[in-house]
Amino acid sequence: MKEAPILQTGSRRKLAHEMNVVPYIDVMLVLLIIFMVTAPLLSPGIEVQLPEVGGEPMSQEDNEPVTLYVNRNGQYFLDIGENQDQALSDAEVEQRVAAVMRNQPQRMVLVRADAKVPYEAVARGGVLLQAAGAQRIGFVTDPESRR
């Protein structure tokens with residue numbers, strides 16, 4: 001076993017009691033890297049392949065918009081309420097959005113539809129949103145790739 005270094009002050013000998021914090025810093029940095037790598041993987045939402053079109057990104061507002069997801073099978077999902085990963089019927093979509101619109105009538109509603117979904121499903125979703133009282137509806141796309 002290694003002995004602690006001895007400091008000599010005049011004629012007295014005294015043990016130096018210092019805590020080595022280097023291992024703690026190493027552990028903290030490893031944990032930081034782990035959190036930085038895993039945080040982007042935890043983003044919620046339904047996976048859809050967005051169509052690529054030109055357009056300018058929207059500016060961020062104070063309150064987050066409600067998002068209606070339409071997957072390639074034409075099923076609807078909302079990012080509000082319980083069971084966000086379960087498909088909703090037309091009536092459930094209209095009911096949930098109407099509840100939000102009663103409290104915040106100017107809240108933006110975004111539609112994130114898969115590029116392969118039939119247009120009819122997207123149009124029907126827009127009609128449901130209008131029937132629920134949504135006044136501001138936007139469509140989410142990916143920026144057009146330059147070839």
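Strands here are DSSP runs of at least two residues marked E, numbered from the N terminus. With that in hand, let's walk through this predicted model.

**Stop 1: strand E4 and Thr67**

Start by selecting residues 66-70, which make up strand E4. Now pick out Thr67, which belongs to this strand. Is Thr67 buried or exposed? Its relative accessibility is 8%, so it counts as buried, the cut-off being under 20%. Show the side chains around Thr67 and you will find Phe77, Leu78, Asp79, Leu110 and Arg112 touching it, once residues up to four places away in sequence are set aside.

**Stop 2: the sheet**

Next, widen the view to the sheet that holds E4. Four strands make up this open sheet, and reading across it the order is E5-E4-E6-E7, with mixed pairing. At the edges lie strand E5 (76-78) and strand E7 (136-139), each of which pairs on one side only. Turn the sheet to look along it: from one strand to the next, the twist averages 25°.

In general, the strands of a sheet pair through backbone hydrogen bonds, either parallel or antiparallel. For a parallel example, select strand E6 (residues 108-113) together with E7: four bridges join the two. Within this pair, Val111 stands opposite Phe139 of E7.

Now add helix H2, residues 90-103. Which strands does helix H2 touch? H2 packs on the sheet and touches E4, E5 and E6, and its direction makes about 25° with that of E5.

**Stop 3: Asp114**

Move on to Asp114, in the loop between E6 and helix H3 (119-131). Asp114 has a relative accessible area of 5%, so this residue is buried. Select Gln49 as well: the two are 65 residues apart in sequence, yet their C-alpha atoms are 4.8 Å apart in space. Gln49 is also one of the residues in contact with Asp114; beyond neighbours within four places in sequence, the others are Val48, Val70, Asn71 and Arg72.

**Stop 4: a nonpolar patch on the surface**

For the last stop, switch on a surface view and color Met19, Val21, Tyr24, Ile25, Met28, Leu29, Leu32 and Met36. Together these residues make a nonpolar surface patch of about 840 Å². Zoom in on Leu32, which is found in helix H1 (residues 22-38). How exposed is Leu32? Its relative accessible area is 44%, so Leu32 is partly exposed. Patch residues need over 30% relative accessible area, and Leu32, at 44%, is one of the residues making this patch.

Conventions
Residues numbered from 1 in each chain as written. Predicted model: local features only at pLDDT ≥ 70, side-chain atom pairs only at ≥ 80, totals over all residues. Heavy atoms only, no water. Patch = residues over 30% accessible without salt bridge, like charges linked within 9 Å, V, L, I, M, F, W, Y side chains within 5 Å. Areas by Shrake-Rupley, 256 points an atom, 1.4 Å probe, with all protein chains shown as cover. Salt bridge = Lys/Arg side-chain N within 4 Å of Asp/Glu carboxyl O. Buried < 20%, exposed > 50% of the residue type's maximum accessible area, 1.4 Å probe, protein only. Contact = heavy atoms within 4.5 Å. Pairing = 2+ DSSP bridges. Axes fitted to C-alpha atoms, helices over the stretch in contact; angles between N-to-C directions.
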